[in-house]
Amino acid sequence: MLDVGQFVRHRHNADLGAGVVERVSTGRVSVRFPEADTILDFTEDLAALVPVALEPGARVRLAGTGEIATLANALPDGGWRLGDDRTVWSDELWPVAEPA
């Protein structure tokens, strides 16, 4: 089961980049993929969607600046410490693909 706001990737179309679940209703999920400038609707078979977790070592884009940073550790208040010791909130982060 996926939740609104959860990050996902498309298992068969990596070019879409990371997406975020925007709507969940009975048998249907809508996901926005900003890098591809598209919203896709999925019905019943969600096997094509892979959840993406923010975790230490992950590369992220900062929403305000577009800067790429690395997550160091999660903080008890819901924020994250970055590799350069700055602190940001989770809603300021967007996962980015690892270099090929």
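Is H10 buried or exposed? In this predicted model, H10 counts as buried, because its relative accessibility is 15% and the limit for that class is under 20%.

## The surroundings of H10

H10 has its place in strand β1, and its side chain makes polar contacts with backbone atoms further along the chain. A polar atom of that side chain lies 3.1 Å from the backbone nitrogen of H12, and the side chain of H10 also reaches the backbone nitrogen of N13, again at 3.1 Å.

When residues up to four places away in sequence are not counted, H10 touches L16, F33, F42 and A48. These four residues, L16, F33, F42 and A48, are also listed among the members of the largest nonpolar core, which is described further below.

## The five-stranded sheet

Strand β1 belongs to an open sheet of five strands, whose order is β4-β3-β2-β1-β5 and whose pairing is antiparallel. The edges are taken by β4 (38-43) and β5 (49-51), and since each of these has a single partner strand, one side of each is left without a neighbour in the sheet. On average, and with direction ignored, neighbouring strands of this sheet are turned by 40° against each other. As a general point, the strands of a sheet pair through backbone hydrogen bonds, in either a parallel or an antiparallel manner.

The individual pairings can be followed across the sheet. Strand β2 (residues 19-25) and strand β3 (residues 28-33) run antiparallel and are joined by five bridges, and within this pairing S25 has R28 of β3 as its bridge partner. Two bridges join β1 to β2, which also run antiparallel, with V20 in β2 serving as the bridge partner of F7. On the other side of β1, the pairing with β5 is antiparallel and extends over three bridges, and here V8 stands opposite P51 in β5.

## E22 in strand β2

Strand β2 also contains E22, which is partly exposed, with a relative accessible area of 36%. Leaving aside neighbours within four places in sequence, E22 is in contact with V4, S30, V31, R32 and I39. Of these contacts, I39 is 17 residues from E22 along the chain, and the C-alpha atoms of E22 and I39 are separated by 9.0 Å.

## Nonpolar cores

The largest nonpolar core has ten residues, namely L2, V8, L16, V21, V29, V31, F33, F42, A48 and L49. Strand β3 supplies the largest share of this core, with three residues. One of the core members, F42, is in contact with H10, G27, R28, V29, V31, F33, A48 and L49 when its neighbours within four places in sequence are left aside, so the list of contacts includes H10 as well as core residues.

Apart from the largest core lies another core, of nine residues, which includes A58, L71, L82 and V88.

## Hairpins of β6, β7 and β8

Further along the chain, strand β6 (residues 59-62) pairs with strand β7 (residues 68-74) in the antiparallel sense over three bridges, and R61 stands opposite I68 in β7. These strands, β6 and β7, form a hairpin with five residues between them, and in its turn G66 has a positive phi of about 80°.

Strand β7 also pairs with strand β8 (residues 79-82), in the antiparallel sense and over three bridges, with A74 standing opposite W80 in β8. The hairpin of β7 and β8 has four residues between the strands, and G78 takes a positive phi near 95° there.

## An aromatic pair between β1 and β10

A search of the whole structure finds one aromatic pair. The pair is formed by F7 and W94 in an edge-to-face arrangement, with 4.9 Å from centre to centre and 85° between the planes. Because F7 lies in strand β1 (residues 7-10) and W94 in strand β10 (residues 93-95), the pair ties together parts that are 87 residues apart in sequence. Both F7 and W94 are buried, and F7 is also the residue whose bridge partner in β2 is V20.

Key: Residues are numbered from 1 along each chain as its sequence is written. This is a predicted model: local features need pLDDT of at least 70, side-chain atom pairs count only at pLDDT 80 or more; totals for chains, interfaces and linings use all residues. Side-chain values use heavy atoms; hydrogens and water are left out. Rings of Phe, Tyr and Trp (its six-membered ring) pair if their centres lie within 6.5 Å; planes under 30 degrees apart count as stacked, over 60 as edge-to-face and the rest as tilted. Buried means under 20% relative accessible area, exposed over 50%, partly exposed in between (1.4 Å probe, protein chains only). Two strands pair if DSSP finds at least two bridges between them. Axes are lines fitted to C-alpha atoms, for helices over the stretch in contact, and angles run from 0 to 180 degrees between N-to-C directions. Contact means heavy atoms within 4.5 Å. A polar contact is a pair of N or O atoms within 3.5 Å; within protein, one must be able to donate a hydrogen and the other to accept it, and residues adjacent in sequence count only if both atoms are side-chain atoms. A nonpolar core is a set of buried Ala, Val, Leu, Ile, Met, Phe, Trp, Tyr and Cys residues joined through side-chain atoms within 4.5 Å.
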